[in-house]
Amino acid sequence: MSVIRTVVTGVGSYLPSRVVTNEDISKIVDTTDEWIVERTGIHSRHIAAEDELTSHLALAAARNAIADAGIDVQEIDTIILATTTPDNTFPATATAVQAELGLHHGAAFDVQAVCSGFVYAMTIADTFIKTGQSKTALVIGAETFSRLLDWTDRTTCVLFGDGAGAAIVTGEQGAGTNADRGILTAHLHSDGRYKEKLYVDGGPSSTQSTGHVRMEGREVFRHAVVNIAEAIKESLEATGLTA
């Protein structure tokens with residue numbers, strides 16, 4: 001059985017030049033390098049400059065992915081940008097990337113799924129390609145998450161930074177077996193009952209502001225471990241593969 005598989009043909013990334021170390025953060029809040037590394041493994045994070053927008057990070061990563069894929073930019077017919085920190089409430093930040101790349105055709109839109117945003121965006125691209133909606137898609141994950149942080153809250157400010165990653169994906173004919181190159185299966189889940197475990201306490205509809213990240217760290221960790229294991233199990237069962 002012949003099927004279309006979504007294949008990654010190029011990848012790219014970008015990090016802002018400013019680096020904030022654990023020692024730097026220890027001068028702001030009551031923490032230490034040892035405490036942060038022991039619990040998170042993080043030694044430093046990159047922070048966007050004041051005039052550096054999410055679209056700037058996304059564009060740099062996109063250009064690197066396009067170069068890595070070795071394609072003409074005009075081949076791209078879909079741009080999906082996963083972000084929680086858009087340049088503006090609207091239009092989609094993806095359209096800013098589209099304009100800077102000199103594209104005037106196809107679709108460009110944002111996906112807001114926070115930590116799982118890139119997985120959601122890639123799964124949407126996979127569906128577009130398999131159904132013929134798209135031939136070549138640019139999938140980006142980009143955040144200036146530092147702008148949502150409360151730098152007096154040591155439970156969150158040590159965890160997040162800014163950056164972007166991108167992939168060029170296209171369709172290839174496969175045999176419909178696990179030997180195929182490309183995405184074999186994808187499974188998305190969410191559960192709104194736990195929305196207050198990790199959230200931002202603001203938004204246009206509620207506070208007319210951006211707000212700050214709030215998190216119940218232990219609960220988030222527990223749910224993440226359990227649910228990622230279940231998603232992996234589901235993917236293995238769908239393909240008949242084993243761990």
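This report describes a helix pair, a pocket and some local backbone features in a predicted model.

## Packing of α3 and α4

Helix α3, which spans residues 54-69, packs with helix α4, residues 93-100, at an angle of about 50°, and the axes of the two helices are 9 Å apart. Because an angle that is neither under 35 degrees nor in the range from 65 to 115 degrees, nor over 145, counts as oblique, α3 and α4 are therefore oblique to each other. The crossing of α3 and α4 is right-handed.

On the side of α3, the contact is made by T54, S55, A58, L59, A62 and R63, while α4 contributes T93, A96, V97 and E100. By class, the residues of this contact between α3 and α4 comprise 5 that are nonpolar, 3 that are polar and 2 that are charged.

## The second largest pocket

The second largest pocket holds about 210 Å³ of space. Its lining consists of 16 residues, and those closest to the centre of the pocket are A82, V114, G141, A142 and E143.

Three elements, namely α5 (117-131), β6 (136-144) and β7 (162-174), each supply at least two residues of the lining of the second largest pocket, and β7 gives the most, with 4 residues. Sorted by class, the lining of this pocket has 8 nonpolar residues, together with 6 polar and 2 charged ones.

## Backbone features in two loops

V114, which is among the residues closest to the centre of the second largest pocket, lies in the loop between β5 (107-111) and α5. The phi of V114 is near 50°, a positive value in a residue other than glycine.

A second feature of the backbone concerns P91, which is placed in the loop between β4 and α4. The peptide bond that leads from F90 to P91 is cis, with omega near 5°. As a general background to both features, most residues other than glycine have a negative phi, and most peptide bonds are trans.

## The surroundings of I71

I71 is found in the loop between α3 and β4 (78-82). When residues up to four places away in sequence are not counted, I71 touches I66, I76, T136 and I168. As for a partner that is remote in sequence, I71 and G10 are 61 residues apart along the chain, whereas the C-alpha to C-alpha distance between I71 and G10 is 9.1 Å.

Technical notes: Residues numbered from 1 in each chain as written. Predicted model: local features only at pLDDT ≥ 70, side-chain atom pairs only at ≥ 80, totals over all residues. Heavy atoms only, no water. Axes fitted to C-alpha atoms, helices over the stretch in contact; angles between N-to-C directions. Left-handed = near helix turned anticlockwise from the far one by under 90°. Contact = heavy atoms within 4.5 Å. Nonpolar A, V, L, I, M, F, W, Y, C, P; charged D, E, K, R; others polar. 1 Å grid on protein atoms, 1.4 Å probe; cavity = no way out; pocket = protein on both sides within 12 Å on 5 of 7 lines; lining within 4 Å. Points joined across faces, edges and corners; volume = space filled by probe spheres on them.
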